[in-house]
Every structure is written in C-alpha cells, then in structure tokens.
There are 4 protein chains.
Amino acid sequence: VEDRVPVGLVGLGRMGDFHATNLAGRIRLAHLVRIVDADEGIVRDVSGRLGGIEWSTDYADLLNDPGIEAVVIASPTPLHADMIEAAAGAGKHVFCEKPISLEMESTFGAIEAARKAGIKLQVGFHRRFDPDYRRAWQRVEAGEIGEVYLFRTSLRDMQAPGFDYIKGSGGFFADVTLHDFDAARWLVGEIEEVTAFGAALSDPGGFEEVDDIDNAVVALRFASGALGVIDNSRVAGYGYECSSEIMGSKATLRVDNHRRASVETLTPDSSHRDYVSDFVERFADAYVAGLESFLRTVREDRDPEVSGADAAAAFVLAKAAEHSYREGRTVRLTSETKNGEVFYREAD
Amino acid sequence: VEDRVPVGLVGLGRMGDFHATNLAGRIRLAHLVRIVDADEGIVRDVSGRLGGIEWSTDYADLLNDPGIEAVVIASPTPLHADMIEAAAGAGKHVFCEKPISLEMESTFGAIEAARKAGIKLQVGFHRRFDPDYRRAWQRVEAGEIGEVYLFRTSLRDMQAPGFDYIKGSGGFFADVTLHDFDAARWLVGEIEEVTAFGAALSDPGGFEEVDDIDNAVVALRFASGALGVIDNSRVAGYGYECSSEIMGSKATLRVDNHRRASVETLTPDSSHRDYVSDFVERFADAYVAGLESFLRTVREDRDPEVSGADAAAAFVLAKAAEHSYREGRTVRLTSETKNGEVFYREAD
Amino acid sequence: VEDRVPVGLVGLGRMGDFHATNLAGRIRLAHLVRIVDADEGIVRDVSGRLGGIEWSTDYADLLNDPGIEAVVIASPTPLHADMIEAAAGAGKHVFCEKPISLEMESTFGAIEAARKAGIKLQVGFHRRFDPDYRRAWQRVEAGEIGEVYLFRTSLRDMQAPGFDYIKGSGGFFADVTLHDFDAARWLVGEIEEVTAFGAALSDPGGFEEVDDIDNAVVALRFASGALGVIDNSRVAGYGYECSSEIMGSKATLRVDNHRRASVETLTPDSSHRDYVSDFVERFADAYVAGLESFLRTVREDRDPEVSGADAAAAFVLAKAAEHSYREGRTVRLTSETKNGEVFYREAD
Amino acid sequence: VEDRVPVGLVGLGRMGDFHATNLAGRIRLAHLVRIVDADEGIVRDVSGRLGGIEWSTDYADLLNDPGIEAVVIASPTPLHADMIEAAAGAGKHVFCEKPISLEMESTFGAIEAARKAGIKLQVGFHRRFDPDYRRAWQRVEAGEIGEVYLFRTSLRDMQAPGFDYIKGSGGFFADVTLHDFDAARWLVGEIEEVTAFGAALSDPGGFEEVDDIDNAVVALRFASGALGVIDNSRVAGYGYECSSEIMGSKATLRVDNHRRASVETLTPDSSHRDYVSDFVERFADAYVAGLESFLRTVREDRDPEVSGADAAAAFVLAKAAEHSYREGRTVRLTSETKNGEVFYREAD
C-alpha cells in the first residue's frame, strides 16, 4: 500500500519494543522495514514476535538502506545525539525519544545538524498527543477558559529507579520535570522565571551519595504574567500520577486519568477504582498518535508538532530549575526566536 | 509477515468502514486483501483512503479468492445468513455483525451450515471485548463478588432512527435488547424467565403505525435464581448510555463509561464532563479486540469467544421478550446443550 | 422564645432517639417538652443526655399535657394507628414514623380520625426532605428534563435483619419497597400497574420458613405512560444503597450519594472512597428537614408535605406488589381523589 | 436544661448572623442569651427572626451580664483584639473569628491577656472542624499514609471583593493564605521556610493602586523535610475552591468537595454537577462543629482545639509570605514552645 512511510527502528528497550509493536501493527502509515538492537538475542526475539521482520545489530544498516525514509531512535540517551547527526547525514527523518542529550552542546548540535540536512526531527513528548491533554489544549487555544492565571501540574512515580539509573539520568529536573516544562510551554506559553525546591526524603543517605533528590516543587512565572507550579516525586507511594489544572478567568480545566473511571467495585468498606498500571498503559494512545503525527509530518512535508527546539527549551528550563535549587535563588530566563523556533537561555 | 490471516470484507456501511480501517492498519494479525461493496463509488473511495487496497462489487470475488482465509460480513442484516452459508460452502471462516438474521429458521440454518463446514463463526457482540466489561467479567468469574443476586443494565440511544429503519429492524427487542441478553448470559448465566414491558412515549402515533415501541423494561430470572432487569430506550434525550451493575453477596461491580472522566471543565455554574460521542467511540477498542480475537481463533484453531449459538440464544430471548410484551405475561424458557453449545427455546 | 412548637415524643428506639436529639438541639422551631418510652431505664438515660428533659413511661402524659401541641410517634409499628387516633382525640398534631400500620383498615382509620379531628398528620418519608432528592424533584417540576420516560431506583441494605424482625415487618414489599413507591409517586406521578418479582437467595430455607424474600425487582407503569423499575435487596453485600435515576426527553437526573465523595484515599492498588455508615448518616439532614417541615405545617396551619393519604398510597402499592409477586401477574390500580387527597385501590 | 453554656454574641455581619442562627437553634450545648450589634436595625431584625432573643447595641452589655459565660466575637477585625482583652478582663471565654488582628503586637497582646485571665480563647479556623478534613487528619495521625512527602492545597475565590475591602484586609497573604498556613501546620507540622510568588492579573492597575495582588503560589519547607505548595486566587472564574492533597510514602489523601457529588444532571452535551454555593454552605457543618468544640472546651475545662497561638502562628507565616514576595527571597522561620504553645518568628 504505497503511501506508507518505510521506517527503521533502533533500540529495543521498553519504549523501543512498544514503539516497534505499534509501528508493526497499529499505525497504518508505517511500514516497519527493519529493527536494530545491539543485543542479538533481543532483536531476534522481537522480530519473531512481529512475524519475522528484518533485523540486525548495527545501526548503520538502517542508514545505508535506501528503502528507509525515517528512523525511530529509542536507544539509550547517551547515543541519541550522535544517532540523530548520523541520520541527518544519511538524509533520514528522525523521531527520537526524549531527551536529545544530557549536554547542552550536543543537544544544540543535533538540532543544527537536522536543520542543515533539512530532515524532520520530532521528539517524544507523549503528553502532547494524549487525547485528554489535547482536548484541554484545544479549549485553552479556543479561549474557552479566558486568560490563564494559574497552571498546576503533578508528575509522580511510585518508586525510585535504582541509583545506577539515577546516576546516569541527568538529575531529577532533567529526568522528571522536563516533561512538565514542555507541558507548561505548550499549554500556557513561554516561561520567564523558575524557582525550584527539592528534597531527598525516602532515602536521604542514598540520594546524597548520588547528589540528587526524590521530591521537588517548582514555581513558574510565565511571560504572560501567569503563575505556575509543578510538583514531582519519585516516591509517591500510591502510584503513578500525571495530572494538570489550568485555571483561567472564565473557566478551569483539569486533566486527570489515573483511575479506571468506568469500572467501580463496591465492597463493604468503600468503593474502589483501580489504576491504570503505568505510564505506558496511561499513554498508550498518545504514543501511537505521536508516531502517526511524525509519519504525517514526513509524508505531508510539514513541521513537526514537537521539534528539536522544543526539546532543547525543556532541557534549558530543567537546567535552570537545577541551578535554582542548588543556589537557592530564582533563575530568570530569556528566549529568542531563530528560524521560527524558540531558544531559551538563562538571563544572568 | 507470514502469520497474518488474509481477510476479505463485505459491506462498507458505518460498521464495515470502521472494521475495514481497523483491519487495514490497527490489527497486526490481519492482512486485509480485498473489500467488497455493491456500491462502486463507496468501495472505490474506501480503497483509496486505505492506500489502494483491492476492491470489487461482487461478494463472490471474496469467496473465489483462494488466498483469502476469512471473511468479515458487515452487509445489511437480510444478507447475513445467506452470506454465511456461502462462506461456509467456500470454506472461509466468518466474522458476522449481529444479528445473523431476523428469522429463527435462517439463524439456525446459518449456524448449522457453519458447523457442518467446520468453519469458525463469530458474531459481533462488542461488549464482550470491551476492556472494562472484561475486567468486570473476570472478577465475577474469579468469585470476587460472591454469589450474584442482581444484574442491572441500561442500553439507550439518544434519538430514534427513522421509521424506515425501525420497520426493517426486527422490532425493538431484537434490535436493542438483544445486546443486553447476550451481556446477561455472559456475565451471570442462563435465563429462565423473561417479562417485558414496553411503551411508545416520544411519538406514540408514529410508533403505533409501525407497531413498535421506544422504551422498555425487561425483568429476568436466571437459572441460578438471581434476578435481573434491563432498561432500554431509543429516546434518552441526554445521549447514548451503556452501563451495567452486577450485585453480589460480597461485592458489587459497576461498569459505566459514558463520560470522559479524565477531563473536567469547571465553569461558574457547575463542573462538566463531556460524553464520548457515540458507541463507535465508546467501544473503539472493543471492536479491535473482537476482530483480534476472531483472527486468533482462526490462526490457533480454537472455539470463538462468541459463537453463532450465542447469537441465536440472544435472538430467542429477544423474541421471548416481544411475546411477553405483546401478550402481557411472563415467558419461560428452557435451554439444552448440543455440540457443546447452548440452545434456547420458549417452554410450552 | 415564643413561636416554638411544644412537642412531646414517644418511642426511644433508634429513630426515636435520633428524632429526640434533633428536637432538643438542632431544630429551632421545636421545644421538646417531654419524652416517653415504656422502658424507664432508656427514657431516663436519654433525658439525662439531653440535659434533664422531662420524661415518663406513659404516652397519656403527653396527651394530657395542655402545653404540648404536637406529638412525634416513633414507637413500634403496631402501636402507631392507635396512638394517632388517641392524639387526634386529644387534639394534638402528629408526626408518625412510617408505616401507619400493617393493616389496611387501621391505616385508613387513623387517617380518617386525624381528618375528623382537624389535626395535621405527617408521615416520615425522609427521602422527600433530602436536599439532593429535593433538588432533583425541583428540576423535574420545573420541566428541566422534559417528559419523564423512565424512573429507576435502588434501595438496598447490606444485611438482613433477624427473622424475628422480618416476621413482624409486614413482608418485604411493605417494609422495603414502600419507600420507593412513595418516591415514585412524588417524583413522577400516579402508578397504574405493578409487576413484582422476588427471590430468597441468601438463605432460601430461612426465608421460606417466614414466607418472605430478600431480593425483588418491581416494574411500574405510570398513568403518564412512563415506565419504572425498582430493585431492592436486604443482602447487598457491599452496603446500604439509595439511588435513583429519572430519565426524561431532554435530560436525565441521577441521585446517588452513598460515597463520601470529598475524601479520596489513593493506595498502591486503587483509589477509595468510603461510604456513609448507614441511612441515618446518609439522611441526617433529611430527618431534621422533615421535622422542621412538620413544625412549620403546625405553626403556619398549612397542609403537610407528606400526608396520611400518601402513606396509605404507598402501602396499597406495596400490597399490590406482594399480590403480583405471589400470583405471578401484573396488578392494575385505580386511584381517586377525596378531600384533595389521592386514594389507591387494586382494580377489579 | 442546665448544662448549656450561656453565650453572648457580638457582630451580626454575614458570619455573625450565621453563628447566631446556629447558636440559637442547632447547637444543643449553647444557650444564646443576648446578641449585640452597633446597628440597631440589624440587631432588632435578627432578634425577631430568632424568636425574640434579647439584644442591645453595646458590647459592654455582654460583659456586664453575670449570666453570660462565653462570648462569640464576629465584629470587624480591627475590633477583635480589644474585644478579646475586654472579655478577658470580664472573665468571659472567647470564640473569635480570624484573624485576631492585622498587627503582630495586638495579636500577641490579646493572647497574653487571655492567658493571664485564664479564659479559653478559640479562633475560627473552620477547616479544622470540617468532617472531611478531620477524616483526612485522623488518617495522617494514624500513620495510614506513612511519612508525609508533599502537601498541596488550593484556596480560591471566584471574584475579588471591592478594593475598599482589600485595602483593609491586611493584604492577600494575611487575608487568604492565612487559612492554608493553619491547615498546613495542622495536617503536616511546623514550617521552616516560606517562598511566595504573587501577581495581579485580573486588574493590574487597580491592584497596583492598593499595592496588592490577586493570585499567589507559596512554596513551603516543613521542619520534617517535607515540601509544600499553596496556590490562592481571588479571581478563579469558575468559583470557590478549597481542596488539599497530602502525599505520603504509603498512600495519599485528597479532600475536595466543591461539587454536589450526589446529584448528576445528564444533558445532550455533558454530565454536570452543581457546586455548593459558597464557603458558608461548603463549611456549614464545620461552623457548627467549631462552636460545639468551643462550648465543650468551656464546659469540660480543657484546651481549645485551635488556640490564640495557632492564630498567631498563621499570621506570622502570612507576614513571612508577604516579605518573601516583596523581597524576592525565601524567608526562614524559627519556632519555640512557651506555655505549651508554639510561637513563630522570622529567623534574622
């Protein structure tokens, strides 16, 4: 069926496996041509499960295949920037999991390489493609809530990952708060001030050793004057949470869908609603919609809905939060528009 | 990708179009080979939208194609039974939209033809594949609610279809209540008594002319002794509704997901939650899951989760409801098991 | 404070104790002058708890006290009718717990005695005074939901009372369904047909011995043509339930407040909302409002919001349900208006 | 009835009127002896509505009445401190609406006067007596949520009061956030750091003229290490809001009861739940419970549940928030215990 986009995918960890399954069977515009992972056992297994799709252990096989138009990068974060640059060199469009890099320089390097090569570069901020968040965003855009006065958002995990992961995560703000910075910019607009508060509460000694935290509150001031507040936790004992509130002069929107709202169990003590199991289940449709959006971007030759510059903006804001937290002060930011994209930096 | 099931589809009305889109892009186990509709304009359009899939206007083209293993029948109801028999004759497995027929005889004829030909015959009761209903069903099966005492279910539409549709619909109970009879049997068990009450309230004259009703209440007594009650409406002014309650000795389950529970809009008067737009949106995942189940049934050579006999059972119960309503009496039913399937008939 | 109504109360069981506490401290228009119970220990205790209010063990002390204007009767049901007649003889207004009697004759006798004596007689159907039900009722009255097509209501208890209670209860329909018949008449209008289905499921042997049931479904047809359905249980394992739905041509109303909606506990498995503990907590405001309404009726000399005739109507309907259940047929009813009140009887 | 507490009330504005009605009819332990307001027309009216209760226009009449044991002060804030001191001089127990004063010195002066006179002094933080908040508090106290990691709370009004009110309000933080500081201390514990962010968004010019704001976010660090965040608004267009979340290591509690959860209206577009009309309706039971608690404190000679020192603590924290906001810095606080009470001050 001729209008499909031939896609190659690299990286078969949890997200890569999920993307591969979606590309193989749930996304009409995708033709998954080949999957790559450094671990031959894993890539063989996934290929078998997906009906015998072609596979290899070398990323170059994707780039050298003239039949492949776009690559999906789901490899470990330290490889992202180089893989984007290589794909740009080979003229392949790129969908890359967030973040592009834990370093500012390579983040901007990859964005610039993509721009010069004229390829599409989309970054995986899934919340932008969630049907519920999109509905809220459309209402804000349509002016239904009036002027925005306050943005409040919570992103929490149930249990901290191991300290090995945390050490390589780029720090709490880059690993967790990053998503909320992107949501804040998307739903409300550009940010001028960030003040962050953090604490290591579940295992103070362990977190001190890796110089990181497990809970944070971040206050925002938007360019519009609106206030914002983010709360994040790695150790919200009850489970995963992603919910937001946008308070406006005329109405207020809330997005919250942690609970399986449609099945209620009534027992002698109380009524219960189960949770969705995790963010992959919670955002299953969003992951599909994000890839669909990327493939339409390729096929229709238009701008990605979430660009490399958006990824960079969230990253600069996360770094500002970290500076704020470590130095105990409010960090001010400026932004400028280049090539139609917004680029942030800290205003000394 | 070799384990896919080559499928042909006939009938491109609303449901057929929806099934075709799912088979073309959202169901990994499906290889949609060809689509058929009597209207050339429609079938051309859909083919174009699905990337140029093969099409024709003649059902026989599906049956004569040796590469096709299974057919999905979404044509108008009066054609179902003959199309099932023809598919059985050609050795193709069948997924057929409900009901098989508006006549008892052709219903049983089609079931028997499928049995003799040894093909799989699955009928489209989507609620059985809805994730929320399945979760409830699993809990009932696991004994979590104890003994079932009461089953209560509501199926309602916002506006009656035109009288042209109603005249050919087989009557209120066969067109609407049928789904609830299937749900009742699935979630609680076999039914021994049906007492139906009906009324034409929105347009008494119009409904009298077509000898039909627009609202009904049906009381059930299950073989287990449990009581049940169904309420149905074609004119529930607020919108579509499909919700159920299973009350047990230890706990009670409710399934209800009409509202978009995860987005709340707060305005000066009240808080609002929008509805899902209709049953296609409400049960989008269920339709996919139903086809996936059918294709696994074909590939793994096991029994369908919803058989032709299940469709016949719901139909006999719907007819019993109609007799009860017209004659103002309780109708008793008996059932017997043949070839591992349950067959109902009215007692004396 | 001179406009208060001097009140005497008889019967200090659970409801009487609750009414006495409300009359003593929560209802401004009440001046609770004296409490009476046959058991001296109980009446002494309650008097002490209420700050030393006057008490005795003889109902005649209330009637002979010229300072008492109204009596609240919360004694056991078999005493109600005689106590009403005696109060009528003494010229005291009466608020009586439901039902007036388990016999038709004495029910009508008490009503007639009250009418002749010109006293106010109000019966304790608390749902009519519940703020949530009243809000729903006001919307129905205001035409906000259009024409009513369907009324659906559930009244359930968690555990059956002992068989001693059940033997003297007047039977399932008079003891439980009675409340729903009153709600149906209040919210929708007069009823023309009753068809009842019952079952003894939790302890079939025990219930058979007392010739009673523990679960029921009752189908209604209103004079307006609307359909209705009541479900009742004594053994809804999860707990107490009182919820209703009124489906109209323009909108639908639901009343349901079993759960403490404003406190949510999120634990690793699911989110929980506790229940209100029982109907006394659920309807605490309604009991106060019912007595307030009665005292205003006395002080302002107007008709009670729930009259003796309303109590009799619910009782006739409950008996019709029992006849329907026992005889396996639909029971038709007629009603006529006498002295501005509606009186029901079974047709033919 | 002899154990009642004879009470006098001064100030018949909105809250005073509400308290008077409760004391006259809904609180068994209260004997409302006399009401006072400077405006003779108002005090006459209220007296008439309450059945002719004694009244005057002079606060001294309450203090000179030897039959009065306790006074409820609901006069304008600037009068509170002096009235408390006068009541202390007359040996009357005091229930005073918050705040005690807009000045630190007179706040502490009134507290000290009460302490020296040995009278009970309770302050009207109603949230502490709300059944839902109490249930949450009990669970925190019982250790059900484990260690508290995060406290999040929202207090919002729909429309700003006039600028005349705002000018005399003591500023946003003292007028609005004060309640949240009390809730934070009560539910989580003592606070060590306050960082406040404010904005005037609905009418920047108007608010600038009175040197005040209409929206704020306040970040907290508790002595336990937990983080906290308060958001407040005077112009939340959708209406009044008071909701809180306490996130712990084992579970999380949410309190939120803005919506009438038990009545749902389903219309063609969406399902609606109306709001409670305002904080008086929302906290009606809490106001009663607060006065009941105070009267039991008097009768049983125990410590008030919310003391003058609690009021002072919230006030110091509100002032710290204002300093933080105006100076763009985090304000640190220390607290010490004197006479069993906690007293806060800013740390250098």
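This passage walks through two chain-to-chain contacts, one helix pair and a few unusual backbone spots.

The model is predicted, so to speak on paper only: local features need pLDDT of at least 70 and side-chain atom pairs count only at pLDDT 80 or more, while totals for chains, interfaces and linings use all residues. Residues are numbered from 1 along each chain as its sequence is written, chains are lettered from A and ligands numbered from 1 in the order in which they are written, and side-chain values use heavy atoms, with hydrogens and water left out.

Take chains D and A to begin with. Chain D brings 40 residues to the contact and chain A brings 40 residues, where contact means heavy atoms within 4.5 Å. The size of an interface is often given as the accessible area lost when the parts come together. Here, chain D and chain A bury about 2,800 Å², with 60% of that on carbon and sulfur atoms; buried area is the accessible area (1.4 Å probe) that two parts lose on being put together, summed over both. On the chain D side, the residues losing the most area to chain A are Tyr149(D), Phe197(D) and Leu201(D), which together make up 21% of what that side buries.

Charges play a part in the picture too. Four salt bridges are counted between chain D and chain A, a salt bridge being a side-chain nitrogen of Lys or Arg within 4 Å of a carboxyl oxygen of Asp or Glu. One of them joins the side chains of Glu245(D) and Arg156(A), at 2.7 Å from N to O. By class, the side of chain D that touches chain A has 16 nonpolar, 13 polar and 11 charged residues. In this sorting, Ala, Val, Leu, Ile, Met, Phe, Trp, Tyr, Cys and Pro are nonpolar, Asp, Glu, Lys and Arg are charged, and the others, Gly among them, are polar.

Next come chains C and B. In this contact, 40 residues of chain C meet 40 residues of chain B. About 2,900 Å² is buried between chain C and chain B, and carbon and sulfur atoms give 60% of it. Tyr149(C), Phe197(C) and Leu201(C) lose the most area to chain B, together 20% of what the chain C side buries. Between chain C and chain B there are four salt bridges, including one between the side chains of Glu241(B) and Arg254(C), at 2.8 Å from N to O.

Inside chain D, helix α5 (residues 104-117) packs against helix α12 (residues 308-327) at an angle of about 170 degrees, their axes 10 Å apart. Helices (H or I, at least four residues) and strands (E, at least two) are DSSP runs, numbered from the N terminus. Axes are lines fitted to C-alpha atoms, for helices over the stretch in contact, and angles run from 0 to 180 degrees between N-to-C directions. That angle makes α5(D) roughly antiparallel to α12(D), a label for angles over 145 degrees. Among the residues making this contact are Phe108(D) and Ile111(D) of α5(D), along with Phe315(D) and Val316(D) of α12(D).

Finally, some backbone oddities. The peptide bond between Lys98(A) and Pro99(A) is cis, with omega about -5 degrees, and Pro99(A) sits in the loop between β5 (93-96) and α5 (104-117) of chain A. In chain D, Lys98(D) and Pro99(D) are likewise joined by a cis peptide bond, with omega near -10 degrees. Asp301(D), a residue other than glycine, has a positive phi near 50 degrees; its place is in the loop between α11 (284-300) and α12 of chain D.

Technical notes. Parallel < 35°, antiparallel > 145°, perpendicular 65-115°, else oblique.
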